[in-house]
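Open your viewer, switch on the cartoon style and get ready to click. We will go through this chain one selection at a time.

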Amino acid sequence: MKFYRKKLLISEKNKIRNSVGYARAIDGEVDYLNKQIKYLKNYGCKIIFSEIVSLNNEYKPQLKKAFESLSRGDQFVLYKLDRAFKSKDECIKIINQLLDNGINIKTLSGVLEANISNELLRTIFKVLLEL
């Protein structure tokens, strides 16, 4: 019985606590924004932050709120990486920060899958950060 409890705790440790989604579109892409939101809801995101803002805009208030809402064990879900990041450097830097804080990352486009271990992702993104 004691062994069972330890096993349960290990599985609880790796369980995703909360799925937080983020969707972004530019002016004139309202249908695309709605499509992203639909996919995020279908995936199971309980909280979805969305906005219509240019990718070149440095300040994305809803993205900032999404990051602030995340805590260790949560999952950050995007339709595609380009919805949140304007450059590869920014993408790599922020994904490293999220992984270092115990946040799981998933893209619905299939680039980052939920079944990839955070350790593997962390290693890959640490290497990319060093390049």
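Let us begin with one pair of residues. Select Ala23 and look across to β2, where its bridge partner is Ser50. Keep in mind throughout that this is a predicted model.

Now widen the selection to the two strands themselves. Strand β1 covers residues 19-25 and strand β2 covers residues 47-52; six bridges pair them in the parallel sense. To see how the chain gets from one to the other, add helix α2, residues 30-43. The path leaves β1, passes through α2 and arrives at β2, making a right-handed β-α-β crossover.

**The whole chain**

Zoom out for a moment. There are five helices and four strands in the chain. Follow the sequence from start to end and you will read the pattern α-β-α-β-α-β-α-β-α. Of the 131 residues, 35% count as buried. Among contacts with a separation of 6 or more, 68% are between residues 24 or more positions apart.

**The sheet**

Next, colour the strands. They form an open sheet of four strands with parallel pairing, in the order β2-β1-β3-β4. Which strands are at the edges? They are β2 and β4 (104-107), each of which pairs on one side only. Tilt the view along the sheet to look for its twist, which averages 20° from one strand to the next.

Now pick out β1 and β3, which run parallel and are joined by four bridges. One residue to click here is Ser19, whose bridge partner in β3 is Gln75.

**Helix α2 and Gln36**

Bring α2 back into view. This helix lies across β1, β2, β3 and β4, and runs at about 170° to β1. Click on Gln36, which has its place in α2. Is Gln36 buried or exposed? It counts as buried because its relative accessibility is 0%, and buried means under 20%. Leaving aside neighbours within four places in sequence, show its contacts: Ala23, Arg24, Ala25, Tyr79 and Arg83. You have met Ala23 already, as the bridge partner of Ser50.

**The nonpolar cores**

Time to look inside. In soluble globular proteins, nonpolar side chains tend to be buried together. Here, the largest nonpolar core has 17 residues, and the ones that touch the most other members are Tyr22, Phe76, Phe85 and Leu98. Two or more residues come from each of β1, α3 (61-69), β3 (75-78) and α4 (88-100). The largest share, five residues, is from α4.

Show Phe76 as sticks. Beyond its neighbours within four places in sequence, Phe76 has contacts that include Val20, Tyr22, Leu63, Phe67, Leu98 and Ile105. A second core, separate from this one, has seven residues, among them Ala23, Ala25, Leu40 and Cys45.

**Last stop: Asn18**

Finally, select Asn18 in the loop between α1 (2-13) and β1. Asn18 counts as partly exposed because its relative accessibility is 21%, and buried would mean under 20%. Try the distance tool between the C-alpha atoms of Asn18 and Phe76: these residues are 58 apart along the chain, and the atoms are separated by 8.5 Å. Setting aside neighbours within four places in sequence, Asn18 is in contact with Lys46, Ile47, Gly73, Asp74 and Gln75. Gln75 was an earlier stop too, as the bridge partner of Ser19.

Technical notes:
Residues are numbered from 1 along each chain as its sequence is written. This is a predicted model: local features need pLDDT of at least 70, side-chain atom pairs count only at pLDDT 80 or more; totals for chains, interfaces and linings use all residues. Side-chain values use heavy atoms; hydrogens and water are left out. Two strands pair if DSSP finds at least two bridges between them. A crossover is right-handed if, with the strands pointing away from the viewer, the path from the first strand over the helix to the second runs clockwise. A nonpolar core is a set of buried Ala, Val, Leu, Ile, Met, Phe, Trp, Tyr and Cys residues joined through side-chain atoms within 4.5 Å. Buried means under 20% relative accessible area, exposed over 50%, partly exposed in between (1.4 Å probe, protein chains only). Contact means heavy atoms within 4.5 Å. Axes are lines fitted to C-alpha atoms, for helices over the stretch in contact, and angles run from 0 to 180 degrees between N-to-C directions.
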